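Hello,

Here is the structure I promised to pass on. Please have it open while you read; my notes follow below.

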Amino acid sequence: MRHPYAPFIQLQLAAILVAVILAFVALFHLEHEWIILLMFYVLTISLLIESFVEYKKEQLTSSISQLLRAIILFIFTTILYF
């Protein structure tokens, strides 16, 4: 039997994989700062998906924690880039 939130978990893992790929690309193309910005935004999306899954599992404390991490990462990345 499949987990009811398996598509969301797969989406989260895909987002993490994209972030890792972008990190490797950014290592070799440091002059393209937008790649690093995109990587951090993809990580933020991954944290938001994690927060949503935790919310659906009715684990409110963990959900809020992941949501706050995503918001802080988004704000911090945006401030550093602009």
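**Helix α3 and its partner**

The buried residues of α3 pack against α2. Bear in mind throughout that this is a predicted model. α3 runs over residues 60-81. Its buried residues are Ser63, Gln66, Ala70, Leu73 and Thr77. They span an arc of only 95° around the axis, so they sit on the same side of α3. Thr61, Ile72, Phe76 and Ile79 are exposed on the other side of the helix.

The length of α3 checks out. With 22 residues at 1.5 Å each, the helix should span 32 Å; its end C-alpha atoms are 31 Å apart, which agrees.

Ser63 is a good residue to look at in α3. Its relative accessible area is 5%, so Ser63 is buried. What does Ser63 contact, leaving aside neighbours within four places in sequence? The partners are Ser51, Glu54 and Tyr55.

**Helix α2**

α2 covers residues 33-56. Its 24 residues should span 34 Å at 1.5 Å a residue, and the end C-alpha atoms are 35 Å apart, which agrees. The buried list for this helix is Ile35, Leu37, Met39, Val42, Thr44, Ser46, Ile49, Glu50, Ser51, Val53 and Glu54. Polar residues such as Thr44, Ser46 and Glu50 are among them. The cover over the buried residues of α2 includes α1 and α3.

Glu54 has a relative accessibility of 8%, under the 20% cut-off, so Glu54 counts as buried. Glu54 also forms a salt bridge with Lys57. The closest N and O atoms of that pair are 3.9 Å apart. Lys57 itself is partly exposed, at 37% relative accessible area. How many salt bridges does a search of the whole structure find? It finds one.

**The largest nonpolar core**

Seven residues make up the largest nonpolar core: Ala15, Ala19, Leu22, Ala26, Ile35, Met39 and Val42. Both α1 (6-28) and α2 supply at least two residues of this core. α1 gives the most, with four. In soluble globular proteins, nonpolar side chains tend to be buried together.

Take Ala19 as a way in. Beyond residues up to four places away in sequence, Ala19 touches Met39, Val42 and Leu43. Met39 and Val42 belong to the core too.

**The loop after α2**

Glu58 lies in the loop between α2 and α3. Which sign does the phi of Glu58 have, positive or negative? The angle is positive, at about 65°, although Glu58 is not a glycine. Most residues other than glycine have a negative phi. The turn of sign comes just after α2. Glu58 is at 73% relative accessibility, so this residue counts as exposed.

**Aromatic pairs**

The structure holds three aromatic pairs. One of them joins Tyr81 and Phe82. Their ring centres are 4.8 Å apart, with 90° between the planes, and the pair is edge-to-face. How exposed are the two partners? Tyr81 is partly exposed, at 33% relative accessibility. Phe82 is exposed, with a relative accessible area of 70%.

That is the hand-over.

Best wishes

Terms used
Residues are numbered from 1 along each chain as its sequence is written. This is a predicted model: local features need pLDDT of at least 70, side-chain atom pairs count only at pLDDT 80 or more; totals for chains, interfaces and linings use all residues. Side-chain values use heavy atoms; hydrogens and water are left out. A nonpolar core is a set of buried Ala, Val, Leu, Ile, Met, Phe, Trp, Tyr and Cys residues joined through side-chain atoms within 4.5 Å. Buried means under 20% relative accessible area, exposed over 50%, partly exposed in between (1.4 Å probe, protein chains only). Contact means heavy atoms within 4.5 Å. The expected span of a helix is 1.5 Å times one less than its number of residues. The arc is that of the directions from the helix axis to the C-beta atoms. Rings of Phe, Tyr and Trp (its six-membered ring) pair if their centres lie within 6.5 Å; planes under 30 degrees apart count as stacked, over 60 as edge-to-face and the rest as tilted. A salt bridge is a side-chain nitrogen of Lys or Arg within 4 Å of a carboxyl oxygen of Asp or Glu.
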